[in-house]
Amino acid sequence: MRRTRPASPPLHLADVPGGPPPGTLLCHLSDLPDHGGRALAFRDHGGAELRLLVQRLNGTIRVFENRCPHVGTPLNLFGERFLNSDGTALICRTHGALFDPLSGRCVQGPCKGDFLREVAVTERNGALYSR
């Protein structure tokens, strides 16, 4: 029987290699495209990279680490589209796993029951900032 991991506490970006310090502007909400997705990447001086995804869906915004819990690849392989064709779930382009866009829980695929790592952010004045 496959054991699933519970959702982890939100990721504070300053605590991981490549992550920016608290208060860093991540994006303006007005910069999100019509499909709501945006890929962000940060790199530290040592070359460590941290990839994030921002997704707006039905007025709700979530930020997750852009890393599939199954194989560690980014969910998007091309461009900044993270939603499946009917716009109801985040999809991993590597193997088709589907994730609930609000909780990050994998609802279908090889990592079913695992979670994308949510990122701790603050929304103010029409923008998202790291916490």
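Four salt bridges turn up in this structure, which is a predicted model. Three of the pairs are set out here.

| Pair | Closest N to O distance |
|---|---|
| Arg-38 and Glu-80 | 3.8 Å |
| Glu-49 and Arg-43 | 3.0 Å |
| Arg-62 and Glu-118 | 3.9 Å |

Take the Arg-38 and Glu-80 bridge. Arg-38 sits in strand 2 (residues 37-43), while Glu-80 is in the loop between strand 4 (60-65) and strand 5 (90-91), so this pair ties together parts 42 residues apart in sequence. Both ends are partly exposed: Arg-38 has a relative accessible area of 23%, and Glu-80 has 29%.

Arg-62 and Glu-118 also pair up in a salt bridge. Here the link runs between distant parts of the chain, with Arg-62 in strand 4 and Glu-118, 56 residues apart from it, in the loop between strand 7 (106-108) and strand 8 (121-124). Arg-62 is partly exposed at 24%, and Glu-118 is partly exposed at 29%.

Then there's a network: salt bridges link Arg-43, Glu-49 and Arg-51. Within it, Arg-43 is exposed, at 56% relative accessibility, whereas Glu-49 is partly exposed at 35%.

Now for the cysteines. How many disulfides are there? The count is zero. Cys-68 has its closest cysteine sulfur in Cys-92, but at 3.9 Å that's too far for a bond, given a cut-off of 2.5 Å. Cys-106 isn't in a disulfide either, its nearest cysteine sulfur being that of Cys-111, 3.3 Å away. Cys-68 is buried, at 0% relative accessibility, and Cys-106 is buried too, at 1%.

Conventions. Residues numbered from 1 in each chain as written. Predicted model: local features only at pLDDT ≥ 70, side-chain atom pairs only at ≥ 80, totals over all residues. Heavy atoms only, no water. Buried < 20%, exposed > 50% of the residue type's maximum accessible area, 1.4 Å probe, protein only. Salt bridge = Lys/Arg side-chain N within 4 Å of Asp/Glu carboxyl O. Helix = DSSP H or I, 4+ residues; strand = E, 2+ residues; numbered from the N terminus.
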